[in-house]
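Colleague: Please take a close look at one small part of this model for me. I would like to see how it sits among its surroundings.

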Amino acid sequence: MKKQFVLLAGAVVAVTALGASLVTAQQRTFVIAQGTDPTSLDAPLATDSPSATVVSHISETLFEYTADGRTVPKLVESFRFSSDRKVLTMKLRSGIKFHDGTDLNAQAVKFNLERLVDPALASSFAFLLRGRVTSIEAVDNLTVRMTMPTPFAPVLAHLTHSSTSIQSPAAIRKSGATYRDNPVGTGPFSFERWQKGQAVELAKNPDYWGTKANVDKMRFLAVPEATTRMALVETGQAQVAVRVPPQDVARLDANANIDVIRTPSVRTIFLYFNQTKAPFNNVLVRRAMNHAINKSDIVNFVLGGFGRASDAPISPGVFGYTNIGGYEYNPELAKRLLRQAGLPNGFNMVLSSPNGRYLQDIRVTEAIQSQLRAVGINATINTLEWGAYLAASNQPKDKNDFQVAMLGWGAVTGDADYGLYGLFHTSQQAPNGFNRGFYSNPQLDKILDQARISTDPKARQSMYKTAMQVIRNDAPWVMLHSEQQVTALRKEITGVVVHPTERVLGMDARFR
Amino acid sequence: MRRVIVRIVLTKNLNLSQTQKIKIILKLEINKITRETFQSSKLIAHSLYTRTHLTTYIARRLLTVIPTMLGVLLVVFAMVRLAPGDPAELLAGEFATPETIKIIRERFGLDQPVLTQLGLYLSNLAQGDLGESTSKRSPVTKEILTYFPNTLVLTIAAMLVALLIGIPAGIISALRPGTIVDLLAMLGALIGVSMPVFWFGLMAILLFSVQLGWFPVAGTGTIGHLVLPAITLGLGTASILARITRSSMLEVLSQDFIRSARAKGLAGRTVIFKHGLRNALIPVVTVVGLQFGGLLEGAVITETVFAYPGIGQLLVGGILARDYPIVQGSVLVIALAFILINLIIDLLYGTIDPRIRYD
Amino acid sequence: MAAKTNTSPPRWRKKLFSSWLARLGFVLIGLFLFVAAFAPIIAPYDPNSQNLRATYVPPFVGMSLTGPEGQLGLWVREINRTPLGEVMIGETQYPVKLFVRGDAWSWWGGILRSDFHLFGVDGAIKWYPFGADEQGRDIFSRLAYGAWISLSIGLIAVGIGLGVGVPLGVVSGYAGGRLDLVVQRLVDIMLSFPGILLAIVLVATFGTGLTNVMIAVGIATIPNYARLVRGSVLSLRDREFVEASKALGNNDWRIMAQHIVPNALSPIIVQSSLQMAIAILFAAGLGFLGLGARPPEPEWGLMLARGREYLATAPHVATFPGLAIMAVALGFNLLGDALRDALDPRGKS
């Protein structure tokens, strides 16, 4: 009898334990529905936000760009610049191990940063360091010395970018070309498996050097169709869905199990004028169009309020941002400016727009078309699929036939240099950079060059303010809005961070 | 008119595969098979196979696959390169410097003259290497081996759905021709082929996954994951099969041997299933083969709706990223599958109709 | 209907209209052609005029069959709705009248110009019979204009298929030999591409836009016609009347034009009707993949593809274009069936 009871009790315990473990295993997997499958999990090759999101959980950078906009040391314990600001010495935290058990040391940092700029790897982000760093030395086991040819103020910001993550050199050497499928870093999660086209699974790293993760597993789903992605959260098959379409917000909000949160993004959306084409070489026409477009209507009615009408070429939260005041919506003034420009009856133009690249991009373009018509400007919309669009907008001056076109730009290092230099500096005219409207102002070039090497943050701040005022005056853009990330979260999960660089971070996530 | 085609197809020794011959007829009949096709298909098959051994037949068919595939490859190879857009530029992204683009281009051999690229691709292909994906930076062969089986599973599941809905519906219609049941079934079948696939798919998600919670929304893993995509994809084919089964059944049921079987007093069900269905199935099988190709097509859209990781998604993603090796590889695999399925159908044909001999 | 069939006109006509389904097909296609031809008169508004303060207005709201004083007729109220807001229904009722003046339009390449509309609201408000889309545009008007676009897509795609595929098939079948072999290998290659893939690759190559969609769908259609026609031609090539014509010394081109093509016509007609349906559905699929017409073109496939984003919140935005596509595709399928029955010299009773 007693024996039987023990047996029975044992069985009950076993079953309960099994059940409990099944339940917890079920519950502890934190599922995030992203828009696409990562392209690569090898940090320097992870070019898009879904890839960068996954990589950020596995591998870590020397510095971190926090969600509230600060640049702080991460794998680095302390650092200092030489007096001429050309040498950066970094001391790494001790005792950090990669998931494969090897040590994080100065050699590993050297290996990774040199790998990033190695032409054989052909990383898209090599430009972050290429030409800006002359040498990287491992002074001792934990000290790295980086020498630069000229002072480069945003260098720490560049070292926060996920492509500069420090990954295990041993694993990279061992896996070779298949490393992208088996990443090894120092992060709070280690790589488990990647079901191509569907999902990436990560497991909690029990030996993490910092605050350990709360959830045991993470799963990143690739779900391109927005309706499907929302359905996953509604049915509880995922806890987080990114990029909630504005029209679904009210419905999801009404669901007692779901919170919809909005987070600013560093991405700004704008129209640029090709200044080699008439009449856009006339500043009056450019200003007139700035006055003709009703940005707040677009933000309120097309984006459903999920955006921020721009008052500067970069968004708040980026170092160097100041409100320089946008152009107010004033169609009468626009008409007057057009008359001054000698175009009292308006004109015909082609407005180029991507379709599906940015939040509601084509709807924004359609609204602009209709607003321009009100001041007599007759715009025809030209949409191209993204590959063709990028190619067409990147043609050199003599071959570029875009007139006015929409583009977006994310200052992902959180520094105004990244948000202005590549877009407005004369040296960055297409195809050399992202200045695709062939805008050129020597005065502005000088300010941007100086701000890049200046060592004083206050001075830099004021230089960027002047720079943006010059830009406002010249009106090379119609500044439209900065995007907001709208993310749906189920209430059973807390501590999820939606980063302004469009990454959803689950390091501190916890199930209720 | 049809009778005439059939006669010529039979009398002339043409450079046509059997499937192609049947295709000629089925292009006419894709919605409605009538007497001639039914008879002719048997006859074609008969005339073809009587003079050839099975093995030589297969060998000859397989030989024609190579030039066709080569043609497909050349067309795709040229077309992806004609398209505006540059894989290196897309890979490098918005922030690309010309230097980065140049390095990427060299890395993937995109700076080579097109003919050199083609030569290299062909020599690699001969060794079974489909190249390296530019956007995913992994071997194309590996990517295809990951994605294609999923599509195959989805396609087969969709075909099962189509058979399970289409054939019974066709039989029921054929047994009660002219009644309201028949009318509704055939109208339903027409609506089935007239409905945009993605619309149906999204409605199905909203109804069955979100509202009713019966099936998972997206992805793979369980049979449940397959249900909605398979129905979405299979619906059009089910409609076509229903119509073909119906007309084919009507044909067979009106034939002499069925009449005489009935006259001999055989029970209705035995007649229908033992004699009628077996004979009626011959054109259905051919259409099933042709429809496999159609399902591969439809899969492109269905996979997108249900976030299903199949070759269609791989291909569309490849096109958008101007990932030449991926596009070339996926198109080759899809075309090969299409051709091989047709070959298999031709062979199955002989199995179903015992009168066809390969000797 | 120039096909030389053995059937006398009254008989095929009788057959054509005999079935219930055929009649439905004729009604659907007739309605479609009528709307396409007179879109601006039927549509109360310009298809692209937007109102961002009336987005996602649901259909049929604020409509009543009696006026403020109980008069019979169709009466409507002003509706406003912001993306996240409630539907706001105005107080005042306005009558809907037949034959009114409204937005000016020009049609048929400028031959027709007017501001006359079949119906409209008597008052300074806008009425959305089928609701408004995500930009606050009238879905009904967009559908009317879109009928013309869908018709063009179908006609031009089928036209390309016919224009290239038929000569290819005729020459290939008539000439035989090496030419035939080459043409058939080419057709093989095209057939090895599933149609939509061919269209996707073509549109990606030559860019999005209506013209390219029509061309892409047309090219994807070519092999079907080439195969079909070649088969018919082979059957006719050695017929007595062709032999006779040859004996009379007529050259090959003349024989092909006079004897071969007219006799191969009826399968071509049937195929064309079915192909119209396929072309319209293809275009919708391309729109779904972002490779179709360019916004703000009121193309049905594009409307449906964009409307899918609002299926959960404003289902009417996708439902009406979806129904329109389905109805037209159904119409052409039914018409194809009916034509086949009618043109089939032997047919069943």
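Colleague: Leaving aside its neighbours within four places in sequence, which residues is B:S133 in contact with?

Modeller: Bear in mind that this is a predicted model. Once neighbours within four places in sequence are set aside, B:S133 is in contact with B:F108, B:S138, B:V140, B:D323, B:P325 and B:I326.

Start with its place in the chain. B:S133 sits in a loop of chain B. Helix α7 (114-126) lies on one side of that loop in sequence, and helix α8 (140-175) on the other.

Is B:S133 buried or exposed? It counts as buried because its relative accessible area is 0%, and the cut-off for buried is under 20%.

Now look at what its side chain does. The side chain of B:S133 makes a polar contact of 2.6 Å with the side chain of B:D323. B:D323 is also one of the contacts listed above. The side chain of B:S133 reaches the backbone nitrogen of B:K136 as well, at 2.8 Å. One partner is thus a side chain, and the other is a backbone atom.

Step back to the whole of chain B. Its secondary structure comes to 15 helices and zero strands. The chain has 359 residues, and 60% of them count as buried. B:S133 is among the buried ones. Take the contacts in chain B with a separation of 6 or more: residues 24 or more positions apart account for 75% of them. The accessible surface of chain B is about 13,900 Å², and 67% of that belongs to carbon and sulfur atoms.

Chain B also splits into domains. Domain 1 takes in 63-84 and 139-352, while domain 2 runs over 86-129. Their C-alpha centres are 36 Å apart. Across the divide, 14 residues of domain 1 are in contact with 12 residues of domain 2.

Chain C gives you something to set beside this. It has 12 helices and four strands. Buried residues make up 60% of its 349 residues. The C-alpha atoms fill a box of roughly 80 × 50 × 40 Å along the principal axes. Its accessible surface comes to about 13,600 Å², with 63% belonging to carbon and sulfur atoms. Here too there are two domains: domain 1 (60-127) and domain 2 (144-343). The C-alpha centres of these two lie 39 Å apart.

Two strands of chain C are worth a stop. β3 (residues 88-107) and β4 (residues 112-121) run antiparallel, joined by eight bridges. Within this pair, C:S106 stands opposite C:R113. The two strands form a hairpin with four residues between them. In the turn, C:W108 has a positive phi of about 55°.

For a helix residue in chain C, try C:I219. It lies in helix α7 (residues 210-237). Its relative accessibility is 23%, so it counts as partly exposed. Aside from neighbours within four places in sequence, C:I219 touches C:I160, C:M190, C:L198 and C:L202.

Chain A offers a second buried residue. A:E201 is in strand β9 (residues 199-204). Its relative accessible area is 10%, so it counts as buried. Its side chain joins that of A:R219 in a polar contact of 2.4 Å. A:R219 is also in the list of contacts of A:E201, including A:F191, A:K217 and A:M218.

Last, a sheet in chain A. Four strands form an open sheet in the order β4-β5-β7-β6, with antiparallel pairing. The edge strands are β4 (76-81) and β6 (135-140), each pairing on one side only. From one strand to the next, the twist averages 20°. β6 pairs with β7 (residues 143-147) over five bridges. There, A:E137 stands opposite A:R145 in β7 of chain A. Helix α3 (residues 106-117) of chain A packs on this sheet and touches β5 (87-92), β6 and β7. The direction of α3 makes about 170° with that of β6.

Back to where you began. B:S133 is a buried loop residue. Its side chain is in polar contact with the side chain of B:D323, and it also reaches the backbone nitrogen of B:K136.

Definitions and conventions: Residues numbered from 1 in each chain as written. Chains lettered and ligands numbered in written order. Predicted model: local features only at pLDDT ≥ 70, side-chain atom pairs only at ≥ 80, totals over all residues. Heavy atoms only, no water. Buried < 20%, exposed > 50% of the residue type's maximum accessible area, 1.4 Å probe, protein only. Polar contact = N/O pair within 3.5 Å; in protein donor to acceptor, adjacent residues only side chain to side chain. Contact = heavy atoms within 4.5 Å. Pairing = 2+ DSSP bridges. Axes fitted to C-alpha atoms, helices over the stretch in contact; angles between N-to-C directions. Areas by Shrake-Rupley, 256 points an atom, 1.4 Å probe, with all protein chains shown as cover. Domains from an automatic or database assignment.
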